[in-house]
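Reader: Hello! I have a model open and would like a close look at a single part of it, along with whatever surrounds that part. Could you take me through it?

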Amino acid sequence: MTTSLSCGRCSATLLRPLGPARTAGPSRVVAVSGGIGSGKSTVTATFASLGAVVADADAIAREIMEPGKGTLAEVAARFGADLIRPDGTLDRAGLARRVFAGEGAEERVAALNAITHPAIERRAWEILSAAPAGSLAIYDIPLLVEGDYADRFDAVVIVDAPVEERVARLGGRGVPPEDARARIRAQASSDQRRAIAHVWIDNCGSTDDLAQVCTQVWERWLTIDL
């Protein structure tokens, strides 16, 4: 089997064999992860366009923090009621600054995760478990290493990119460079992610390059035994 694929400045490497196809429910449940700004959303969107059922941890995180939700109330109680705007919505940028920046960030990140992760996990596995028989179910999960969840999946796809490229991408979304670097420092390292990856994607190219590599990963590795 081919163990490397590429398109433009993007490449993928098969680091270890995938788990066998399941005999009931979705054929494989695959985790897609990577640091903020690495291109994880493009990877997931490409797999979705090819027919995968996707549970998106970030989308679920927004869902559980909607006005009136118990998770939002817990976050406000821990990090400050002033983070709730007059219309009841969360000041997400304010929460990020309060959690990720400055001394003690690691403790604050852990506290936030302890509130949000259980609710996100419950909803995600409802979606994944309901995927049609024979399909691929994809869990887009940023904090895979941090939550020690890797052994629950038939395959782990990690997308990575150089830190400065990630900072530049986040700048395009309005995230100041220092805030971007603080968020990156608060997440797992590339070495930690590589240790759990079945498929490793280096994303140094364009969105089109990345989508082409992901299509090859889907066709040659993720669905090969299905």
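Which residues of α7 are buried?

Author: Happy to. Please keep in mind that this is a predicted model.

Let's begin with the helix you picked. Arg 166, Val 167 and Leu 170 are the buried residues of α7. Looking down the axis of α7, you would find these buried residues within an arc of 100°, so they line one face of the helix. There is a simple piece of geometry behind this kind of pattern. An α-helix has 3.6 residues a turn, so residues three or four places apart point the same way. As for what covers the buried residues of α7, the list includes β6 and α8.

Two residues numbered within the span of this helix, 163-171, also take part in charge pairing. Glu 165 and Arg 169 are linked with Arg 9 in a network of salt bridges. Side chains of opposite charge can pair when their charged atoms come close.

From here it is natural to step across to α8, which spans 177-186. Ala 180, Ala 182 and Ile 184 are buried in α8, and the buried residues of this helix pack against α4 and α7. So the contact with α7 shows up from this side too, since α8 is among the elements that cover the buried residues of α7.

Now for the empty space around these helices. A search of the whole structure finds one cavity of 30 Å³ or more, and the largest cavity has a volume of about 40 Å³. Its lining is made of Ala 96, Arg 97, Phe 100, Ala 101, Asp 179, Ala 182 and Arg 183. Both α4 and α8 supply at least two residues each to that lining. By type, the cavity lining divides into four nonpolar residues, no polar ones and three charged ones. Notice Ala 182 here: this residue is buried in α8 and also lines the largest cavity.

The open space is a separate matter. The largest pocket has a volume of about 1,300 Å³. It is lined by 46 residues, and those closest to its centre are Ile 36, Asp 58, Pro 142, Arg 183 and Gln 187. Arg 183 is worth a click, as this residue lines the largest cavity as well. Your helix α7 is one of the elements that give two or more residues to the pocket lining, and α8 is another; the others are α1, α2, α4, α5, β5 and α10. The largest share, seven residues, comes from α5. Sorted by type, the pocket lining has 22 nonpolar, 14 polar and 10 charged residues.

Two of those pocket-lining elements, α1 and β5, are also joined by a salt bridge. The side chains of Lys 40 and Asp 140 meet at 2.6 Å, N to O. Lys 40 sits in helix α1 and Asp 140 in strand β5, 100 residues apart, so this pair links distant parts of the chain. Both Lys 40 and Asp 140 are buried.

For comparison with α7, have a look at α2, which also contributes to the pocket lining. Its buried residues are Ala 57, Ile 60 and Ile 64. Seen down the axis of α2, they fall within an arc of 60°, so these residues too line one face of their helix. What covers them includes β4, α3, α5 and β5.

In the loop between α2 and α3 you will find Glu 66. Its side chain meets that of Lys 69 in a salt bridge of 3.6 Å, N to O. With a relative accessible area of 39%, Glu 66 is partly exposed, and Lys 69, at 34% relative accessibility, counts as partly exposed as well.

One more pair rounds off the tour, and it brings us back to β6. Asp 154 and Arg 22 form a salt bridge through their side chains, at 2.7 Å, N to O. Asp 154 lies in the loop between α6 and β6, while Arg 22 lies in the loop between β2 and β3, 132 residues apart. Asp 154 counts as buried because its relative accessibility is 12%, whereas Arg 22, at 35%, counts as partly exposed. Across the whole structure, the search finds 13 salt bridges.

How values were computed. Residues numbered from 1 in each chain as written. Predicted model: local features only at pLDDT ≥ 70, side-chain atom pairs only at ≥ 80, totals over all residues. Heavy atoms only, no water. 1 Å grid on protein atoms, 1.4 Å probe; cavity = no way out; pocket = protein on both sides within 12 Å on 5 of 7 lines; lining within 4 Å. Points joined across faces, edges and corners; volume = space filled by probe spheres on them. Helix = DSSP H or I, 4+ residues; strand = E, 2+ residues; numbered from the N terminus. Nonpolar A, V, L, I, M, F, W, Y, C, P; charged D, E, K, R; others polar. Salt bridge = Lys/Arg side-chain N within 4 Å of Asp/Glu carboxyl O. Buried < 20%, exposed > 50% of the residue type's maximum accessible area, 1.4 Å probe, protein only. Arc of directions from axis to C-beta. Contact = heavy atoms within 4.5 Å.
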